[in-house]
Amino acid sequence: HYYKQGIYIDTNCKSGIDLIHLESDLNSFNSSFCWLLWHQNYRSITSIMDQLQFGMTTDMTLAVPFTSICGTTECENELLEIIAKNPLTVNYFNDTYSLYKNNFLEYILLYDSYKILPWQPLINQLAAYWSQSEGLFTFVLPKRNYNMGQTEIKAGIYFVEKVYHLDNVENELQDDRYNAEHDIANRFTYAITLHIADLYNFSVNLVIEDKAWGTKQKDGHFDGLMGLLERGDVNLTITAMQLINSRLDISDFVFPVHYFDFPFIFKQPRALGTYRALSLQLQTPAWICVGYMLLISIFIYWIIQKVYWNVSEPDGEASLSGALIQVVGIVSQQGLPQEPNRLSGRIVCFFILLLALMISVYYNAATMNALLSPAPVSIRNLQQLILSNIPLFLMDIPYFSTKTTRERLLSKEIIDRVLYQPNFTASLEEGLEIIQKRGAFLGEDFTLYT
């Protein structure tokens, strides 16, 4: 669950006034906080609130005593009008206005305060009253006014891909048939902005920026889109950008409406299309174990033959190469080059035959299973891709061609691998050729998959 943080400020002292001015400078009067201001004088506090950075999402309640609006005809008439619209309040008041005013002297009035735009007049709507004897009573409030009256809002935009004609940008951004596969992010955010403009009745004037999103310079100021915001040349930006600490000093980011992913696209290496396919049926420890058993079998068979020749035929010779040929012939299922005459030799050959049979059956079954199954995936994660010998390339867009942005988005391991290539950036068309030639290509997911 999401719960707002409630903040109460007593503005009857200078410290309270200084605090609300500070929060206004920090743009804290937004939907993230629920504010309650208390002041003894209605006119005094509303004149101060007129100077603050309120908006239509400001969740602000102003509490003032009823005595502070006595003599303010506008507020008294508003109170009488609200009471007339709320029949339950009739029980609390006399028919005569003088008795009504006397009964209300102990009451605290609560106003819903906001502005349609920060530079427009403050709007106060009486929302409730409170007294120690009767507690809180809430009025039926009219809906807030969100009509901006066709106010012009300047919106900064930066085109990652230069695919538009500057004299017809608005129409081409909304035309699904014009370069449909390009600049998808800006098309989406611009469509959202136009939808919001229709709901709140304001017009959008695009201000095109050609110096990327905005980086803090040595003089402490921003260039690019953030520079437009900092100088007040635009009211908002509609190009998606990364939320980083330095940008929060001069702007407020809205909740993300689209998440950017940058995947590597590549063809999996053909593990079964190389000589390594002959050894994949058994794991390395199994192959080592089989090798040791064969070496031991060769040695034992040689010892047995050597003893046999020394006992039965002193002039005969038992060679190690003969034992090797004997074991290899059995394992490769080519028969027995020598027929052992002694029981011990036959037992060794029988054991080797059983071992060769088990290896052959399992090896052939594993090979058949591999042929009937999809090719195994040899690279399963980013780390394995980095450790492979596949060359890495980046899409030729400012995310990656700009050094500061590239270092912010990519890990050092990826950058080190990429920089091995003399020309590590490529266009979308060139990236397709790179993938076909067994390279890996990194880009925006919505661009790569459309």
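Reader: What percentage of the 450 residues in the protein chain is buried?

Author: This is a predicted model, where local features need pLDDT of at least 70, side-chain atom pairs count only at pLDDT 80 or more, and totals for chains, interfaces and linings use all residues. Residues are numbered from 1 along each chain as its sequence is written, and side-chain values use heavy atoms, leaving out hydrogens and water. Buried means under 20% relative accessible area (1.4 Å probe, protein chains only). Of the 450 residues, the buried share is 38%.

Reader: Which strands stand at the edges of the open four-strand sheet?

Author: Strands here are DSSP E runs of at least two residues, and two strands pair if DSSP finds at least two bridges between them. The sheet has mixed pairing and the order β10-β13-β11-β12. Two strands have a single partner each, so one side of each is left without a neighbour in the sheet: β10 (264-265) and β12 (425-426).

Reader: Which residue in β13 stands opposite Leu394?

Author: Strand β11 (residues 392-395) runs parallel to strand β13 (residues 440-442). Three bridges join them. Opposite Leu394 stands Leu442.

Reader: Why do the buried residues of α2 line one face of the helix?

Author: Helices are DSSP runs of H or I, at least four residues long. In α2 (residues 42-49), the buried residues are Tyr42, Ile45, Thr46, Ile48 and Met49. They line one face because, seen down the helix axis, they fall within an arc of 160°.

Reader: Which backbone nitrogen does a side-chain oxygen of Asn41 reach at the start of α2?

Author: The oxygen comes to within 3.0 Å of its partner. That partner is the backbone nitrogen of Arg43.

Note on methods
Buried < 20%, exposed > 50% of the residue type's maximum accessible area, 1.4 Å probe, protein only. Arc of directions from axis to C-beta. Polar contact = N/O pair within 3.5 Å; in protein donor to acceptor, adjacent residues only side chain to side chain.
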